[in-house]
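Visitor: I should like to understand the terms used for this structure. Please show it to me.
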Amino acid sequence: MTLPTGVERHDFDGETSLATQGQPVYGERTDGDWRRWDPHRSKLGAMLEQGMDTGLEGGETVLYLGAAAGTTVSHVADFGGPTYAVEFAPRPVRELLDAAESRRNLFPLLKDARKPENYAHVVEPVDVVVQDVATRGQARVATLNKQFLTDDGRLLAAIKARSEDVTADPDAVFDSVRTELSAEYELLETARLDPFHEDHLGIVARPRED
């Protein structure tokens, strides 16, 4: 698998890991300008570690849904272009703002990913939508935000089974999400994110033509 430009495997005290160059954000190990991209703390990092073909090349314009305190989106901004980071909860946004101070291309938005009409006037067309939202209706969130993707863009989603239904079998949840997503997206690759994230499914998809 080819990693995006700006993402490399780097040695940290004898352990090789994915890494990007930028200011540290969440206590990750560093070596000079390089900062370890911990796949146990990042669904997208786990997708890359699992060898999923994300289509990321580096320099893409990104809409990140569920940015939280900036753990993953800070890495994305390290190698990406303009990166719009949507987060609903005010407390983590304060930390997200800190991560954005040293990243002029990272734009935090205190908004709800389930209501894209509230940020549609801010976000330009993007090459990639990265989705990591812990809410029921994750396929619907992806569908609502499809409007921002270019025709040849990519959806990179981490689906959390327990957020959909804590009592349901995760495989059944994933089947349902795949079916719902397939109405609006062509699914290119799906894979479980174990052992990094239990009961999570990584999805790479591109928008179907309207």
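Visitor: What makes a residue part of the lining of the largest cavity?
Guide: A lining residue has an atom within 4 Å of a cavity point; on a 1 Å grid over the protein atoms alone, a cavity is a set of points where a 1.4 Å probe fits but cannot get out. In this predicted model, the lining comprises Lys43, Leu44, Met47, Tyr64, Thr72, Val130, Gln131, Asp132, Leu156, Ala157 and Ala158. Two or more of these residues come from each of α1 (43–49), β8 (126–131) and β9 (149–160).

Visitor: How many residues of each class does this lining have?
Guide: It has seven nonpolar, two polar and two charged residues. Here Ala, Val, Leu, Ile, Met, Phe, Trp, Tyr, Cys and Pro count as nonpolar, Asp, Glu, Lys and Arg as charged, and the others, Gly among them, as polar.

Visitor: Why is Glu28 called buried?
Guide: Buried means under 20% relative accessible area (1.4 Å probe, protein chains only). Glu28 has 9% relative accessibility, and therefore counts as buried. Glu28 is located in the loop between β2 (15–21) and β3 (30–31).

Visitor: Which residues is Glu28 in contact with, leaving aside its neighbours within four places in sequence?
Guide: They are Gln23, Arg35 and Arg36, where contact means heavy atoms within 4.5 Å. In addition, the side chain of Glu28 reaches the backbone nitrogen of Tyr26 at 2.7 Å, and a polar atom of that side chain lies 2.9 Å from the backbone nitrogen of Val25.

Definitions and conventions
Residues are numbered from 1 along each chain as its sequence is written. This is a predicted model: local features need pLDDT of at least 70, side-chain atom pairs count only at pLDDT 80 or more; totals for chains, interfaces and linings use all residues. Side-chain values use heavy atoms; hydrogens and water are left out. On a 1 Å grid over the protein atoms alone, a cavity is a set of points where a 1.4 Å probe fits but cannot get out, and a pocket is an open set with protein on both sides within 12 Å along at least five of seven lines; lining residues have an atom within 4 Å of a point. Helices (H or I, at least four residues) and strands (E, at least two) are DSSP runs, numbered from the N terminus. Buried means under 20% relative accessible area, exposed over 50%, partly exposed in between (1.4 Å probe, protein chains only). A polar contact is a pair of N or O atoms within 3.5 Å; within protein, one must be able to donate a hydrogen and the other to accept it, and residues adjacent in sequence count only if both atoms are side-chain atoms.
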